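Please open the model in your viewer and keep the selection tool at hand. The stops below are meant to be taken in order.

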Amino acid sequence: MSAESEIESEYPVRGGTFVGRVISTKMDKSATVRWEHAEKIPKFERYERRNTKISVHVPEGVELEEGDQVKVGETRQISKTKSHVVMKVFDDEEEIEVEEE
């Protein structure tokens, strides 16, 4: 796992950022991240837990394992399914600040 604070990338981040958990690293230079979020249901005045699986680009020099917590940013479309890039890899003891839209 990498202990870098912010990962330099050739892809500028534009749009939203979120924190997710890596669920697959079987692809070359890519990973699948699960983003768990709460969606408001106005009719019932409650929140519903949802999750989304997103393919992300892993820049060179970044080592990911399944189960790692990562900060992901939206960027230009890199391939047919990838339009997000890994920005930061969190340590186990590092406190995570959630900055969602």
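The tour goes from strand to strand, then to the core and to a charged pair.

Before selecting anything, note that this is a predicted model, in which local features need pLDDT of at least 70, side-chain atom pairs count only at pLDDT 80 or more, and totals for chains, interfaces and linings use all residues. Residues are numbered from 1 along each chain as its sequence is written, and side-chain values use heavy atoms, with hydrogens and water left out.

**First stop: strand S1**

Select residues 17-24, which form strand S1; strands here are DSSP runs of E with at least two residues, numbered from the N terminus. Of the 8 residues in S1, 6 are buried, where buried means under 20% relative accessible area, exposed means over 50%, and partly exposed lies in between (1.4 Å probe, protein chains only).

Now add S4, residues 69-74, which pairs with S1 in the antiparallel sense over 5 bridges; two strands pair if DSSP finds at least two bridges between them. Along this pairing, Thr-17 has Gly-73 as its bridge partner, and Gly-20 has Val-70.

**Second stop: S2 and its two hairpins**

Select S2, residues 30-41, which pairs with S1 in the antiparallel sense over 3 bridges. Here Arg-21 is partnered by Arg-34, and Ser-24 stands opposite Thr-32. The hairpin of S1 and S2 has 5 residues between the strands, and in it Lys-29 takes a positive phi near 65 degrees.

While S2 is selected, pick out Glu-36, which lies in this strand and is exposed, with a relative accessible area of 59%. Its C-alpha atom is separated by 6.9 Å from that of Gly-20, although the two residues are 16 residues apart along the chain.

Next add S3, residues 46-57, which pairs with S2 in the antiparallel sense over 12 bridges, with Val-56 in S3 as the bridge partner of Ala-31. The hairpin of S2 and S3 has 4 residues between the strands, and Glu-45 takes a positive phi near 55 degrees there.

**Third stop: S5 and the core**

Select S5, residues 84-89, and follow its antiparallel pairing with S4 over 5 bridges, where His-84 in S5 is the bridge partner of Glu-74.

Which residues have the most contacts inside the largest nonpolar core? Display Val-33, Val-56, Leu-64, Val-70 and Val-86, which hold that place in a core of 13 residues; a nonpolar core is a set of buried Ala, Val, Leu, Ile, Met, Phe, Trp, Tyr and Cys residues joined through side-chain atoms within 4.5 Å. Strands S1, S2, S3, S4 and S5 each supply at least two residues of this core.

Centre the view on Val-70, whose contacts (heavy atoms within 4.5 Å) include Phe-18, Val-22, Val-33, Leu-64, Val-86 and Phe-90, not counting residues up to four places away in sequence.

**Last stop: a charged pair**

Finally, select Glu-48 and Arg-50, whose side chains meet in a salt bridge at 2.7 Å, N to O. A salt bridge is a side-chain nitrogen of Lys or Arg within 4 Å of a carboxyl oxygen of Asp or Glu, and by this rule the count comes to 1. Glu-48 is partly exposed at 36% relative accessibility, and Arg-50 is likewise partly exposed, with a relative accessible area of 39%.
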